[in-house]
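Welcome, and please open the model in your viewer. We will go from stop to stop, selecting a few residues each time and looking at what is there.

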Amino acid sequence: MRTLSLQYQLSVKSWQQHLFAVELKVPEHNEATLTFALPSWIPGSYMIRDFAKSITEITFTHADTGAEITAQKIDKQTWEVATNGDGVIVDYVVYANDLSVRSAFINHEYAFINGTSAFLNVVEMSEVRCTLQIEKPAQSHWQAHTGMTPIALDSNPQYWAYESHNYAEFIDHPIFIGECETLSYEVDGVTFELVFSGSHQLDLARIAQDLKPICRHHMALFDHPQPVSRYVFMTLLAENGFGGLEHRNSTALLYPRHDLPRLGDNSQANKTDGYITFLSLCSHELFHTWHVKRIKPDVMVTPKLGEETYTNQLWIYEGFTSFYDDLTLARAKLIDGKKYLDIVAQNISRLLQNAGRYKQSVAQSSFDAWTKFYKQDASATNNIVSYYTKGGIIAFGLDLILRHRSNQTVSLDTVMKRLWEIYGRDECGTPDNVIATLCQQEFDIDVNDYLDSVVYGTDDVPLETWLDDIGVKLHTRSAVSAEDKGGYTDATEIRHQLGATCKPAATGLSVIQVFEGLAASKAGVMINDIILALNNQVVNQAKLQRLLDCASDTHVTLTLIRDGQIVNVALPVLQARQDRAYFTIENEEKFQQWLDH
């Protein structure tokens, strides 16, 4: 019996016009009608993106006769074709000009594409083997990289060729074609490949050396069951930009090229904040290989990619991963304990500035990710909470409470191992109450009170209750400047707070955020106002803060431009809120013992 396979071909049609060309060959089959559909979202990024809008041309032809076949478009991303079992060839063009990890992009250096943006699903043949041929471009130095399994094509050396078992696997491998720098290394039998776009003289050996203990930590945490034998860190370098998206044996990353170590850099012992963030991003996405790609919410086992798939569990998946991404750097000795605590303090500081944490629970934030989280506007800080940020703090608190209530015999590490063993190995999907149920049934620890309060309710995580167990104390202070992210500092705190985020304008400051309950909000300052002056003195960011700190009256006058009009408002002079967090280590031995498990 002949094994059916869908044959896809991908080529760069024009890098100048950002165009991919795709050909799909469907063999003879047993269906009278075939349905061709492109996903509207990509797993791991919970927003409808309508990828089909980027298909600029599409034709369907009979595989034997070459005659064009009429296709009926039945919705924004789906076509139906009457085939009577005959083979079909689909040719189409994809516009690729989204510099992100979620879609597709082409420039003079490289082409990048996710399968969800490029490859039509033949719905009736979703479980059929898929093969891909990538046409080698005219630029002879360009390379192709993907996590897909390569196959030999002796008959046609002009193509790189790959295969996947079915459509779901096929679209879970981002593809890079272009100029790049690469390096491979091995950790405990798994091959890791680094791919960085362009040619920038990066110190790949140093990056690999720093990533090795991260890889080793994650593999050990899950007791070394390897879901993959090969893993690709695929990084798109840009002047600006940030992002990461997990896949089954790879990740696509977007990162500023100048934040990474370069050859000849003599500061090997020191890591910049930008480089630490990159290592944390790699740690985060690699952790998802187990926790998201295998352990996953039950509704995400076979998600419907043409419409939203709702779950209130994202706090478990992105939150727990956000806890481990930075913690792993400290455990691996890539940063010290004080630096780790400063990073946690910055996350807490973001929450303390976020009035939305009292209006939306992280369970609700997970469910509403499709709209409220992924489509944030300037009012988001006042109305929503991040299931990443608060979820990470919840994970920290859960680790502490498990240790406390088990006399230090159970931790979040223990929970992660059991999640993998029960739900991850077979990818069976977790129910909404998985954490409470697992802690009760596996360890006889009741955490319902905690989860009801901080996950399904809107209470702050009471870290102070258990921090003494690990020799650490949490403090709050006022900001020292508008750029203050939190963490320990010796700088002088501000006295009075504007309560708005601004950026420089041609003259004065443009308001981009107004925080509920603070001075600017009480004065009626609005988003997009231009702050020209305080008490008739023209301001920039530093001068505005100096004048506020020196103010002795109960109110000062802000002069604004709003919609082409001059507006004066009375700004109350209020004591700066203590919304920046920092930690002190009270018992180094207890803290180090916690860090070391």
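Two strands pair if DSSP finds at least two bridges between them. Keep that in mind for the sheets on this tour, and bear in mind too that the model is a predicted one.

**Stop 1: a sheet of eight strands**

Select residues 129-135, strand S12, together with residues 159-164, strand S15. These two strands run antiparallel and are joined by six bridges. For one place to zoom in, pick Cys130, which has Ser164 of S15 standing opposite.

Now widen the view to the whole sheet. It is open and has eight strands with mixed pairing, in the order S5-S4-S8-S2-S1-S12-S15-S14. Which strands stand at the edges? They are S5 (68-69) and S14 (149-150); each has a single partner strand, so one side of each is left without a neighbour in the sheet. As general background, the strands of a sheet pair through backbone hydrogen bonds, in either a parallel or an antiparallel way.

**Stop 2: a sheet of four strands**

Next, select residues 104-106, which form strand S9, and residues 110-113, which form strand S10. The two pair in the antiparallel sense, with three bridges between them. Click on Ile106 and look across to S10, where Ala111 is its bridge partner.

S9 and S10 belong to an open sheet of four strands with antiparallel pairing, ordered S9-S10-S16-S13. At its edges are S9 and S13 (143-146), each with a single partner strand, so one side of each has no neighbour in the sheet. From one strand to the next, the twist averages 10°.

**Stop 3: a hairpin**

Move along the chain to residues 555-562, strand S27, and residues 565-572, strand S28. Eight bridges link this antiparallel pair. Within it, Ile561 faces Ile566 of S28. How many residues lie between S27 and S28 in the hairpin? There are two, and Asp563 in the turn has a positive phi of about 55°.

**Stop 4: two packed helices**

Packed helices are described by the angle between their axes and the distance between the axes. Select residues 314-331, helix H5, and then residues 337-352, helix H6. Their axes are 9 Å apart, and the packing angle is about 160°. Angles over 145 degrees count as roughly antiparallel, which is why H5 is described as roughly antiparallel to H6. The crossing of H5 and H6 is right-handed.

**Stop 5: the second largest pocket**

Keep H5 selected, as three of its residues help to line the second largest pocket, the most that any helix gives. Helix H2 (167-170) also supplies at least two residues of that lining. The pocket has a volume of about 960 Å³. To find its centre, select Pro43, Ala168, Arg248, Val301 and Pro303, the closest to it of the 42 lining residues. By class, the lining has 21 nonpolar, 11 polar and 10 charged residues.

**Stop 6: an enclosed space**

Rolling a probe the size of a water molecule over the atoms shows where empty space is left. How many cavities of 30 Å³ or more does the structure hold? It holds one, and the largest cavity has a volume of about 50 Å³. Select its lining to see where it lies: Val190, Phe192, Met219, Gln226, Pro227, Val228, Tyr231, Leu286, Thr289 and Trp290. Eight of these residues are nonpolar and two are polar, with no charged residue in the lining.

Technical notes
Residues are numbered from 1 along each chain as its sequence is written. This is a predicted model: local features need pLDDT of at least 70, side-chain atom pairs count only at pLDDT 80 or more; totals for chains, interfaces and linings use all residues. Side-chain values use heavy atoms; hydrogens and water are left out. On a 1 Å grid over the protein atoms alone, a cavity is a set of points where a 1.4 Å probe fits but cannot get out, and a pocket is an open set with protein on both sides within 12 Å along at least five of seven lines; lining residues have an atom within 4 Å of a point. Grid points are joined across faces, edges and corners, and a volume is the space filled by probe spheres set on the points. Ala, Val, Leu, Ile, Met, Phe, Trp, Tyr, Cys and Pro count as nonpolar, Asp, Glu, Lys and Arg as charged, and the others, Gly among them, as polar. Axes are lines fitted to C-alpha atoms, for helices over the stretch in contact, and angles run from 0 to 180 degrees between N-to-C directions. Angles under 35 degrees count as roughly parallel, over 145 as roughly antiparallel, 65 to 115 as roughly perpendicular and the rest as oblique. A crossing is left-handed if the near helix is turned anticlockwise from the far one by less than a right angle, and right-handed if clockwise.
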